[in-house]
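This report describes one protein model, with attention to its enclosed space, its surface and a few individual residues. Please have the sequence and the structure open while reading.

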Amino acid sequence: MSATPETASDTATERADDKDLGAAGSQLSTAPQEDALNLPTLGVLGWARWFWRQLTSMRVALLLLLLLSLGAIPGSLIPQSGTDETKVADFQQKHSVLGPIYDKLGLFHVYSSVWFSAIYILLFISLIGCIVPRSWQFVGQLRGRPPGAPRRLTRLPAYTTWRTEAEPEQIREAALTLLKKRRFRAHTAGDAVAAEKGYLREFGNLAFHIALVVMLVAFAWGQLFKSEGNKLIVEGDGGFSNTLTQYDDFKSGTLFTQDDLDPFSFNLDKFTGTYETSGPNRGTPRTYQATVDYSVGAYGKAKKTTIKVNEPLRVGDSKVYLTAHGYAPVITVRDGKGDVVFNDAVPLLPLDSNVTSTGAIKVMDGYRDPDGKKDQLGFQAAFLPTYGGGTSVVSQFPALMNPVLNLAAYHGDLGVDAGIPQSVYQLDKTNMKGFKDSKGQQLRKNLRPGQTMQLPNGAGSVTFEKGIKEWANFQVTRQPGAGWALGGAVVAIFGLAASLFIQRRRVWVRATRSADGVTVIEMAGLGRSESAKVPQELGDLAGILYDQAPGAPDPQDPSDSDGAFDPSDDTRTPHTPDSDVVPAEGAETK
């Protein structure tokens, strides 16, 4: 069966219309179009092109972003060597099977591992490869004009039409003025006005991707050059200079050098802490601040400032945060002859919010036992700022309302001369012997400020002095990419919001003279995605334009002579796939 000339002509017209509609709906976004590849004829260049297109596609970028997020999970759950070597060693000792496997997979140093770096670099390349061509295409769209109207506007999802006695030129001029007033980019193309708006959607999309690149670069820069250290300082006891040897613990990025440290020093003048005394928030800090004297450079003038929680001291690129607080009882130890062999404030570590604290007092040099032999003393200490009485072993309040120091005395070898690092807050009792009381039990006593505990057999004494000092822990951080990362995050949020809530759409208004001399007005709208906003906006525009060019009588309905239009009529909604509503009297819809 052969096609008739009319059928062939109609088919050709439909194909031309489809091509025309495709041109009108093109470039509503800058997403790259994928060409079908002839796989059997792919060569090296073809495969390279295919791989590049896959790498720079949106779905691959999202997949890499998901893999990056999943890869960061082990870094949060598994101890990291760059953060705490001790925890890593403990994990490997407790897990003899998993430890070596994790080590080979790089799970103890996730963020510097080969596989995490590969995901990171591929994501970076993917974003760059996606942004550059889309940016040039977007610039080209901004410099160009909206495409002309398709031949058959009735094929668009939002469409309306009516007849009027106004001149086509007047209609087009009124439509152009109206659309520009509504912030459309509009121009006259032939017998129609073409308009477009919503460019902020694509701008937000590009801004979001650029912000991701900025965040990735800032994160990498910060990881490579960052530094972070902690220092515990007791009131009035010396100070701190920003050198590596002064830190209690310190960690840094791969490319960090000692020259990157900002030259400054400070000392703790006074710590002030006040707390709620009643109610459900009893014990909650009201005032939590440290008054320090600091100077910048070797010969800088001393300045006084106050460091509070989340209000750090800023010196150059470094920030000094107040992170913890505790008490340092002043202890005096004498030997059997009454000579002072130890006198210092001993910082104790808090265990709870009421600052119940524990620690160790170590007398390493200068002490001799009653027989005159060199010996070492150790005291296991527990401090309660507010003792509750009886057998209470925890503090009832964080302030110094009823301070009590519990001491257990030992003598022997502290193990500090063995060359093995040990915590200053823990007492290694492996080679220590406890002093015994009159009942043969471990010597242990509660002391109040000013009280003394005598060691048996004339071994000496230990005194809890009345002056109780306080200490504060400071964290000194340097993160050079933090500001850029924050800025990138803010831009990414606004860019994502723009790409999600702003719709890019096009409107065409055609005005042509019909065979009977009456002007036919056609209006159509097209959005990037199905949305009720396009038909609604087109209906509003049609209503305003209808007021300026009222409908003319329909030639098929002689009784309709005035073409009157009721402004309150809500039926001026253009055609949508789910509705077939007449927008106005004398108008006809698809």
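## Cavity

In this predicted model, one cavity of 30 Å³ or more is present. The volume of the largest cavity is about 30 Å³.

The lining of the largest cavity consists of S227, E228, N242, Y247, F250, L261, S318, V476, T477 and R478. Two strands, β4 (227-234) and β20 (460-478), each provide at least two of the lining residues. The biggest contribution to this lining is that of β20, which gives three residues.

## Largest pocket

The largest pocket encloses about 660 Å³ of space. It is lined by 25 residues, and those closest to the centre of the pocket are Y111, S112, Q223, K226 and T254. Elements that contribute two or more residues to the lining of this pocket are α6 (114-143), α8 (199-225) and β6 (249-252).

## Chain overview

The protein chain contains ten helices and 23 strands. It has 590 residues, of which 42% count as buried. The area exposed by the chain is about 32300 Å², and 55% of that area comes from carbon and sulfur atoms.

Contacts were also sorted by distance along the sequence. Of the contacts between residues at least 6 apart in sequence, 65% join residues at least 24 apart.

## Nonpolar surface patch

Six residues, L63, L66, L67, L70, I73 and L77, make a nonpolar surface patch of about 570 Å². One of them, L77, belongs to helix α3, which covers residues 58-77. L77 has a relative accessible area of 68% and is therefore exposed, the cut-off for this class being over 50%.

## Loop residue M364

M364 sits in the loop that runs between β14 (357-363) and β15 (376-384). Its relative accessibility is 38%, so M364 counts as partly exposed. That class lies between the buried cut-off of under 20% and the exposed cut-off of over 50%.

Which residues does M364 contact, leaving aside its neighbours within four places in sequence? They are Q376, L414 and V416. A further pairing is that of M364 with D413: their C-alpha atoms are 8.8 Å apart in space, while the two residues are 49 apart in sequence.

## Two residues with positive phi

Most residues other than glycine have a negative phi. R183 and V355 are two residues with a positive value instead.

For R183, which is not a glycine, phi is near 65°. R183 is placed in the loop between α7 (168-181) and β2 (185-189). With a relative accessible area of 69%, R183 is exposed.

For V355, also not a glycine, phi is positive at about 60°. V355 is found in the loop between β13 (349-350) and β14. Is V355 buried or exposed? V355 is buried, because its relative accessible area is 6% and the buried class takes values under 20%. To set the two side by side, R183 is an exposed loop residue, whereas V355 is a buried loop residue.

Methods: Residues numbered from 1 in each chain as written. Predicted model: local features only at pLDDT ≥ 70, side-chain atom pairs only at ≥ 80, totals over all residues. Heavy atoms only, no water. Patch = residues over 30% accessible without salt bridge, like charges linked within 9 Å, V, L, I, M, F, W, Y side chains within 5 Å. Areas by Shrake-Rupley, 256 points an atom, 1.4 Å probe, with all protein chains shown as cover. Salt bridge = Lys/Arg side-chain N within 4 Å of Asp/Glu carboxyl O. Helix = DSSP H or I, 4+ residues; strand = E, 2+ residues; numbered from the N terminus. Buried < 20%, exposed > 50% of the residue type's maximum accessible area, 1.4 Å probe, protein only. Contact = heavy atoms within 4.5 Å. 1 Å grid on protein atoms, 1.4 Å probe; cavity = no way out; pocket = protein on both sides within 12 Å on 5 of 7 lines; lining within 4 Å. Points joined across faces, edges and corners; volume = space filled by probe spheres on them.
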